[in-house]
Amino acid sequence: MTLLVLLGLVSYYVGTLGTHTEIKKVAEEKVTLPCHHQLGLPEKDTLDIEWLLTDREGNQKVVITYSSHHVYNNLTEEQKGRVAFASNFLAGDASLQIEPLKPSDEGRYTCKVKNSGRYVWSYVILKVLVRPSKPKCELEGELTEGSDLTLQCESSSGTEPIVYSWQRVQEKEGEDERLPPKSKIDYNHPGRVLLQNLTMSSSGLYQCTAGNEAGKESCVVRVTVQYVQSVGMIAGAVTGMVAGALLIFLLVWLLIRRKDKKRYEEEERPNEIREDAEAPKARLVKPSSSSSGSRSSRSGSSSTRSTANSGSRSQRTPCAEAARRQGQAAHTYGPVGPEARSSEPKKAPHATLTKAENTPSTIPSQSRAFQTV
């Protein structure tokens, strides 16, 4: 009897451990995690189902449960509204459905089914694959003949490993899709390809493809190789145009400046008073011919008078001396009486000289040679 009781207890705790299953699925798609049992057929009222998730950090949380005739599927904020039982869990299919799938859904899922002291456990490892984001194609280097050029391609997101590959796009029939000769792949950076010693045949459209288990994305870039001489000519033309534009601008500016300066001087000249300006000089006006003639005649008459006066003075001196001598002789030896009075010397010449001396010499006021105007 005791042995039977012990056997009953052992059978009470006997359960089934499901196998481990690994599933890979692309993000934004739908996934179904399997879980099958037969514990709900005998007694449906005591059936309990529970799904647990252990994420990559080791944290465990309940995803969905069925207990006491109720389904609870809004237990986590991240998976709210995206998880549900895929089929009739009471009939033995407790598979979990997630849609749409997100990278945060990745981890280890555990399905627990209990009923009347019996249980079934199953494990599913879910790996969410993320498609590479659209890569960005770039060029690094000079697009001139004989130089080196690096093609660069990289996706910002996606499940590793991401494989990159470069090829030429066939734009015309017969074109080669392979990379030009002497091309090298940088294995440390798979998205980088070095094109050495560019030629005109290296020109074309190049495509980079980034791919992983979830899918592929690509981008394109155009390579246009130029002659060195053409580059120099273009640079010279651009420089000449810039220099010409600057010269024209400078000439226009100088003309405008000169015009403004001239207008300013014309407006300010009537009102301008300079402290350091010289006083106006007197102008010497040459007298007219009539004035010159009158002044010449006056000068001639003045000269005549001066000559006459000088002659009178020269004649006056001997006459005066002779009269003085005659007076002295008469005074010494002259007779007394009428003869003496009759012999008295005449004073006419002296009077004439005196009158000549006393004649005034008038000079007209217009005798000045120049007038100040």
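This briefing covers strand pairing, disulfides and aromatic contacts in the structure above. The model is predicted, so keep its filters in mind: local features need pLDDT of at least 70, side-chain atom pairs count only at pLDDT 80 or more, and totals for chains, interfaces and linings use all residues. Residues are numbered from 1 along each chain as its sequence is written, and side-chain values use heavy atoms, with hydrogens and water left out. A search of the whole structure turns up three disulfides, and the aromatic pairs also come to three.

**Strands and sheets**

- Helices (H or I, at least four residues) and strands (E, at least two) are DSSP runs, numbered from the N terminus. Two strands pair if DSSP finds at least two bridges between them.
- Strands of a sheet pair through backbone hydrogen bonds, either parallel or antiparallel.
- One open sheet has four strands in the order S10-S11-S14-S13, with antiparallel pairing. Its edge strands are S10 (136-141) and S13 (183-185), each pairing on one side only.
- Neighbouring strands of this sheet are turned by 20° against each other on average, direction ignored. For that angle, axes are lines fitted to C-alpha atoms (for helices over the stretch in contact), and angles run from 0 to 180 degrees between N-to-C directions.
- At the S13 edge, three bridges join S13 to strand S14 (residues 192-195), and the two run antiparallel. Ser183 has Leu195 in S14 as its bridge partner.

**Strand S3 and its partners**

- Strand S3 (residues 48-54) pairs antiparallel with strand S8 (residues 107-115) over seven bridges. S3 is also joined to strand S4 (residues 60-67) by six bridges, again antiparallel.
- Which residues does Leu53 face? In S8, Leu53 stands opposite Tyr109; in S4, its bridge partner is Lys61.
- The hairpin of S3 and S4 has five residues between the strands, and Gly58 there takes a positive phi near 90°.

**The S15-S16 hairpin**

- Strand S15 (residues 204-212) and strand S16 (residues 215-223) pair antiparallel over nine bridges.
- Two residues make up the hairpin connection from S15 to S16, and Asn212 has Gly215 in S16 as its bridge partner.

**Disulfides**

- A disulfide here is a pair of cysteine sulfur atoms within 2.5 Å. Counting bonded cysteines along the chain, the pattern is 1-2, 3-6, 4-5.
- For burial, the cut-offs are: buried under 20% relative accessible area, exposed over 50%, partly exposed in between (1.4 Å probe, protein chains only).
- Cys35 is joined to Cys111, S to S 2.0 Å, and the link is left-handed with -70° about the S-S bond. Cys35 sits in the loop between strand S2 (31-33) and S3 while Cys111 is in strand S8, so the pair ties together parts that are 76 residues apart in sequence.
- Cys35 counts as buried at 2% relative accessibility, and Cys111 counts as buried at 0%.
- Cys137 is joined to Cys219, S to S 1.8 Å. The torsion about their S-S bond is about 80°, so this disulfide is right-handed. Cys137 is in strand S10 and Cys219 in strand S16, so the pair ties together parts that are 82 residues apart in sequence.
- Cys137 counts as buried at 17% relative accessibility, as does Cys219 at 8%.
- Cys153 is joined to Cys208, S to S 2.0 Å, left-handed with -80° about the S-S bond. The pair links distant parts of the chain, with Cys153 in strand S11 (residues 149-154) and Cys208 in strand S15, 55 residues apart.
- Cys153 is buried with a relative accessible area of 4%, and Cys208 is buried at 0%.

**Aromatic pairs**

- The rule: rings of Phe, Tyr and Trp (its six-membered ring) pair if their centres lie within 6.5 Å; planes under 30 degrees apart count as stacked, over 60 as edge-to-face and the rest as tilted.
- By that rule there are three aromatic pairs. One of them is Tyr66 with Phe89, a tilted pair at 4.7 Å centre to centre and 55° between the planes. Tyr66 lies in strand S4 and Phe89 in the loop between strand S6 (83-85) and strand S7 (96-98), so the pair ties together parts that are 23 residues apart in sequence.
- Phe85 and Phe89 also form a tilted pair, at 4.7 Å centre to centre and 35° between the planes.
- Are these rings buried or exposed? Tyr66 and Phe89 are buried, and Phe85 is buried too.
- Tyr66, Phe85 and Phe89 form one aromatic cluster.
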